[in-house]
Amino acid sequence: MSTTWTDAVVVARHDATPRIAVFDIARADGGELWEYEPGAHIDVQVGEAALVRQYSLSGPPGTRKQYRIAVLNEAASRGGSRAMHALAEGDPLRIAAPRNRFGLTSARRHVLLAGGIGITPLLSMALSLDATGGDYHLHYCARSRSEAAFVPELANHPRVTLHFDDQAPEQLLDLERDLGEPGPGTAVYVCGPGGFMDYVLGRAAELGWPASALHKERFSASPADAEPGGGGEGGFTVRLSSTGAEYLVPEDQSVLDVLLANGVEAPNSCGQGICGECIVRVRAGEPDHRDDVLTDEERAEGLFTPCSSRSRSPILELEL
């Protein structure tokens, strides 16, 4: 399966902070964009190298004339954020249809916890809940007001609390106070840098929150997933259920790398196990899950991310 790209153009750009640029993007031909649900992200292809990166949609769902994304200029950028920050109004780029593995659930109440650039998908959720009258509270954490995007839109909102590291201690995020113990019908959504997410998810577990109530989206693989230990090291064989073809997956290549090198049409996007585009089903064998997108239930059902995960058995058969 291949990604379908649409030619687009930057119709507006402004710097929300010295390191965060906000882009409004429309179709180059003026047509309508795809519908999406809050929490969705898009693939963006940018620059002469046609780099592909994923960015959360932060505008209000239902607006099909243009999308809004915010991009942090990463100090350790692999080129994507630098290419995005080089764009100006009128510059072309390409985008693909939105995907969403971080959507709102049918909970009675929603607690949104954003760290830094993690505000982007949660802002879309908040705008949607405002429009539908949903019960929620958004906690937005950043190092300082000057480093936080969308502050003008959020500063005086009754359902938003801003937490900045340079504030008084009592104004910092306190999960015992701001999240508390599990409540019936309450869902928690977490997005932000790895350290922030690990802290929030770990503290929530200590407070008794079940994994089923905690919903997360990472912008890069967590350390545990990026450099796993234990079983599953070394090479193994991947088999395709449709043809019986077998390919050796060496220790220094991913399943996805091997499939693509052998001409197998396998969906893919981020290459880090965080976007969910490449998910396939395991027909036989024992997977070694190293993604940060599948739930425990989905893993138990046999779902697998060939871009990041490996095999604990000599042969892993995939539904491809």
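Select Ala-70. Beyond its neighbours within four places in sequence, Ala-70 is in contact with Ile-20, Ala-21, Val-22, Tyr-55, Ser-58, Ile-117, Thr-120 and Phe-150. Keep in mind throughout that this is a predicted model.

**Stop 1: Ala-70**

Colour strand 5; Ala-70 lies in it. Is Ala-70 buried or exposed? The relative accessible area of Ala-70 is 4%. That is under 20%, so Ala-70 counts as buried. Now add Ile-20 to the selection. Ala-70 and Ile-20 are 50 residues apart along the chain, yet their C-alpha atoms are separated by 6.5 Å.

**Stop 2: Ser-58**

Step to Ser-58, one of the contacts of Ala-70. Ser-58 sits in a loop, with strand 4 (51-56) on one side and strand 5 (67-72) on the other. A loop position does not leave Ser-58 open here: Ser-58 is buried, with a relative accessible area of 1%. Which residues surround Ser-58, leaving aside neighbours within four places in sequence? Show Arg-68, Ile-69, Ala-70, Thr-120, Leu-123, Ser-124, Leu-127 and Phe-150; Ser-58 is in contact with each of them.

**Stop 3: Phe-150**

Phe-150 appears in the contact list of Ala-70 and in that of Ser-58. Select Phe-150 now. Look for it in the loop between strand 8 (135-142) and helix 3 (151-154). Phe-150 is buried, with a relative accessible area of 5%. Then check the backbone. The phi of Phe-150 is near 65°, a positive value in a residue other than glycine. Most residues other than glycine have a negative phi.

**Stop 4: strands 1, 2 and 6**

Go to the start of the chain and select strand 1 (residues 5-15). How many residues does the hairpin between strand 1 and strand 2 pass through? The hairpin joins the two strands through 4 residues. Strand 2 covers residues 20-27 and pairs with strand 1 in the antiparallel sense over 7 bridges. To see one opposing pair, pick Val-9 and find Ala-26 across from it in strand 2.

Next, add strand 6 (residues 92-96). Strand 6 also runs antiparallel to strand 1, and 5 bridges join them. Pick Ala-8; its bridge partner in strand 6 is Leu-93.

**Stop 5: a mixed sheet**

Move on to a sheet of 5 strands. The sheet is open, its order is 13-12-18-14-16, and its pairing is mixed. Which strands stand at the edges? They are strand 13 (246-249) and strand 16 (303-304). Each edge strand has a single partner, so one side of each is left without a neighbour in the sheet.

Within this sheet, select strand 12 (residues 236-240) and strand 18 (residues 315-318). These two run parallel, joined by 4 bridges. Zoom in on Leu-240 and find Leu-318 opposite, in strand 18.

**Last stop: the whole chain**

Zoom out and show everything as a cartoon. There are 8 helices and 18 strands. The C-alpha atoms fill a box of roughly 60 × 50 × 35 Å along the principal axes. The radius of gyration is 20 Å, which agrees with the value near 20 Å for a compact globule of 320 residues.

Colour by burial: buried residues make up 50% of the 320 residues. Among contacts with a separation of 6 or more, 64% link residues 24 or more positions apart.

Finally, switch to the surface. The accessible surface comes to about 14,800 Å², with 47% belonging to carbon and sulfur atoms. Colour the charges: there are 28 positive and 45 negative side chains. The centres of the two sets lie 1 Å apart.

Methods. Residues numbered from 1 in each chain as written. Predicted model: local features only at pLDDT ≥ 70, side-chain atom pairs only at ≥ 80, totals over all residues. Heavy atoms only, no water. Buried < 20%, exposed > 50% of the residue type's maximum accessible area, 1.4 Å probe, protein only. Contact = heavy atoms within 4.5 Å. Pairing = 2+ DSSP bridges. Rg over C-alpha atoms; globule rule 2.2 N^0.38 Å. Areas by Shrake-Rupley, 256 points an atom, 1.4 Å probe, with all protein chains shown as cover. Lys, Arg positive; Asp, Glu negative; His and termini not counted. Charge placed at Lys NZ, Arg CZ, Asp CG, Glu CD.
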